[in-house]
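Biologist: Before we discuss particular contacts, please take me through this model step by step, with the cut-offs behind each term.

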Amino acid sequence: MNTLTERIRSAREEAGLSQADVAKALRISASAVNQWEQGLTKNMKLNNFFALANLLGQDPRWLATGKMLSRVQEPAVISPKSEYSTLTSEEKALLHYVRRLPVKLRKTLLKFIRGLGDAHISLTTPAAER
């Protein structure tokens, strides 16, 4: 991906978000997002740029330049693209908010959710089947 517009569109699609989803999350117009992806915006506001990178779970340097940092980074979210198309609106909303969290807090949240899942299974599964 050679251009900012291509990287924005690709990252948005990879995140499973529509232009309207991005607009709503960033509290801007859908036409503004469309203009970013069409290359019609000459001066994107920095606060919108960083909010977009955060929303999409992308490193702002990569989004701006297409270059990765030299240090190893933890990927935001790894999921096959085909799975994104089957996400419900609730799952997309959860993903949106989780991606806005710092990595350490994401890990804590994941442990908590796993614990909830395990507790639910132990409460709903008869002891003989566990």
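Biologist: What percentage of the residues in the protein chain do buried residues make up?

Modeller: This is a predicted model, in which local features need pLDDT of at least 70 and side-chain atom pairs count only at pLDDT 80 or more, while totals for chains, interfaces and linings use all residues. Residues are numbered from 1 along each chain as its sequence is written, and side-chain values use heavy atoms, with hydrogens and water left out. Buried means under 20% relative accessible area, exposed over 50% and partly exposed in between, with a 1.4 Å probe and protein chains only. Of the 130 residues in the protein chain, the buried share is 26%.

Biologist: How many helices and how many strands are there in the protein chain?

Modeller: Both are DSSP runs numbered from the N terminus, helices being H or I with at least four residues and strands being E with at least two. From the N terminus on, the elements run α-α-α-α-α-α-α-α. The count is therefore zero strands and, for helices, eight.

Biologist: Which helix supplies the largest share of the largest nonpolar core?

Modeller: A nonpolar core is a set of buried Ala, Val, Leu, Ile, Met, Phe, Trp, Tyr and Cys residues joined through side-chain atoms within 4.5 Å. In this one, of 17 residues, Leu17, Val22, Leu26, Trp36, Leu52, Leu56 and Leu63 touch the most other members. At least two core residues come from each of helix H1 (4-14), helix H2 (19-26), helix H3 (30-38), helix H4 (46-56) and helix H5 (60-65). The largest share, five residues, is that of H4.

Biologist: With which residues is Val22 in contact, leaving aside its neighbours within four places in sequence?

Modeller: Contact means heavy atoms within 4.5 Å, and Val22 is one of the core residues that touch the most other members. With those sequence neighbours left aside, the partners of Val22 are Arg12, Leu17, Val33, Leu52 and Leu55.

Biologist: Which residues are joined into one network by salt bridges that share partners?

Modeller: A salt bridge is a side-chain nitrogen of Lys or Arg within 4 Å of a carboxyl oxygen of Asp or Glu, and the structure holds three of them. Arg9, partly exposed at 27% relative accessible area, pairs with Glu37, their closest N and O atoms being 3.8 Å apart, whereas the closest N and O atoms of Glu13 and Arg12 are 3.9 Å apart. Glu37, buried at 2%, also bridges to Arg12 at 2.4 Å between the closest N and O atoms; Glu37 lies in helix H3 and Arg12 in helix H1, so this pair ties together parts that are 25 residues apart in sequence. The network thus formed by shared partners joins Arg9, Arg12, Glu13 and Glu37.

Biologist: Why do the buried residues of H7 line one face of the helix?

Modeller: In helix H7 (residues 89-99), the buried residues are Leu95, His96 and Arg99. On the other side of H7, Glu90, Leu94 and Tyr97 are exposed. Taking the arc as that of the directions from the helix axis to the C-beta atoms, the buried residues line one face because, seen down the axis of H7, they fall within an arc of 105 degrees.

Biologist: Where does His96 lie, and with which residues is His96 in contact, leaving aside its neighbours within four places in sequence?

Modeller: His96 lies in helix H7 and is buried, with a relative accessible area of 11%. Beyond those sequence neighbours, its contacts are Ala25 and Leu55.
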